[in-house]
Amino acid sequence: MTMRMLEGKKGIILGVANKRSIAWAIAKASSDAGATLAFTYQGEKIKEKVEELVKTLPGTSPVYPCDVTSDDDLARLQENLRQDLGSVDFLVHSIAFADRKDLEGIFLDTSRKGYLLAQDVSSYSLTALSRMVAPLMSQGGSIITLTYLGSERAVKNYNVMGVAKAALEASVRYLAVDLGARQIRVNAVSAGPVNTLAARGISGFTEILDHVAHKAPLQRNVEIEEVANASVFLLSPLSSGITGEVIYVDCGYNIVGI
Ligand SMILES: NC(=O)c1ccc[n+]([C@@H]2O[C@H](COP(=O)([O-])OP(=O)(O)OC[C@H]3O[C@@H](n4cnc5c(N)ncnc54)[C@H](O)[C@@H]3O)[C@@H](O)[C@H]2O)c1
């Protein structure tokens, strides 16, 4: 990506765990497109990794702690962003989590605790983060989240995460309506399968990759850079008329019947 589609824009990116994270691919593409970035990490274990990665970008980017299940962390993040960036033009939500045991076997066996955990981290967090960042988007803005086809089709082993993604996509539509008058857009990128830490937690993930490579119209799996480029488009003024949408970046897999 060579176009400076995000020149002069300031963004906050949540969800970098390592160099394979979709959030990191979006960070690199946004930085190439001219954006100034801030990052968060969840837990001390990955703090160093995120700080090391961020150092490879041009300029300096602040890195803040944020567990999205903590209202205190979200309030502190808002304060930090206000102090360090002043205003924010975009937010990238690239976060999901469910207990490993809920990503295998059958959905019927999902516990109340496992269900609520998946919803809290993977779905409710978008609403909480949108409420946190909206007051900083005084000139309008763009919020994106990452979702997956398991929200509308029953994908083997995706189970509780599919239900969380369905709630996430519905949240995108409600948030788009609530924030539209402030010229804040909210959209989701529905990515095809990409080999990341979170994806490897889904039982039988490599079978999904093989299946998609055979069935997708483009006869291959999506590249992480393609997911990142579509994300930059949604974060940029080129998509100024688009809100409340789920955009598939999956080599066309979602359109195929038999
Ligand atoms: N990899 C895929 O095949 C694929 C496909 C479609 C959508 N997605 C979605 O993309 C997003 C990013 O996942 P990824 O594949 O890059 O994996 P990843 O493991 O690199 O990223 C997941 C991120 O969620 C963060 N996270 C988990 N719990 C958190 C919490 N309580 N507070 C703050 N952060 C928390 C982790 O720290 C990590 O950075 C997820 O929403 C995922 O569902 C992934």
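Begin at the ligand and select the 26 residues around it, of which Ala-17, Ser-21, Leu-146, Thr-196 and Ala-198 come nearest; a residue belongs here if its C-beta atom, placed from the backbone, lies within 6 Å of the molecule. The elements that contribute two or more residues to this shell are helix H1 (22-32), strand S5 (141-147) and helix H6 (197-200), and H6 gives the most, with 3 residues. Helices (H or I, at least four residues) and strands (E, at least two) are DSSP runs, numbered from the N terminus. Coloured by class, the shell has 18 nonpolar, 7 polar and 1 charged residues, where Ala, Val, Leu, Ile, Met, Phe, Trp, Tyr, Cys and Pro count as nonpolar, Asp, Glu, Lys and Arg as charged, and the others, Gly among them, as polar.

What is on display is a predicted model, in which local features need pLDDT of at least 70 and side-chain atom pairs count only at pLDDT 80 or more, while totals for chains, interfaces and linings use all residues. Residues are numbered from 1 along each chain as its sequence is written.

Next, select the strands. An open sheet is formed by 7 strands with parallel pairing, in the order S3-S2-S1-S4-S5-S6-S7, two strands being paired if DSSP finds at least two bridges between them. At its edges lie strand S3 (63-65) and strand S7 (246-249), each of which pairs on one side only, and the twist averages 20 degrees from one strand to the next. For a closer view, show strand S1 (residues 10-14) with strand S2 (residues 36-41), which pair in the parallel sense over 4 bridges; Gly-11 has Leu-37 in S2 as its bridge partner.

Now add helix H5 (residues 159-180), which packs on the sheet and touches S5, strand S6 (184-191) and S7, with its direction at about 160 degrees to that of S6. Such angles run from 0 to 180 degrees between N-to-C directions, and axes are lines fitted to C-alpha atoms, for helices over the stretch in contact.

Keep H5 and bring in H4: their axes come within 9 Å and cross at roughly 20 degrees. That makes H4 roughly parallel to H5, since angles under 35 degrees count as roughly parallel, over 145 as roughly antiparallel, 65 to 115 as roughly perpendicular and the rest as oblique. The residues in this contact, for which C-beta atoms placed from the backbone must lie within 7 Å, divide into 10 nonpolar, 7 polar and no charged.

From H4, move to H3. The axes of helix H3 (residues 71-84) and helix H4 (residues 112-133) come within 9 Å and cross at roughly 30 degrees, and the two helices are therefore roughly parallel to each other. Selecting Leu-74, Leu-77 and Gln-78 in H3 shows them meeting Ala-128, Leu-129 and Met-132 in H4, a contact with 5 nonpolar, 1 polar and no charged residues.

Finally, return to H1 and add helix H8 (residues 224-235), whose axis comes within 8 Å of that of H1, with a crossing of roughly 60 degrees. That makes H1 oblique to H8. Among the residues of H1 that meet H8 are Ile-22, Ala-25 and Lys-28, and among those of H8 are Glu-225, Val-227 and Leu-235; by class, this contact has 9 nonpolar, 3 polar and 2 charged residues.

Note on methods. Two residues are in contact if their C-beta atoms, placed from the backbone, lie within 7 Å.
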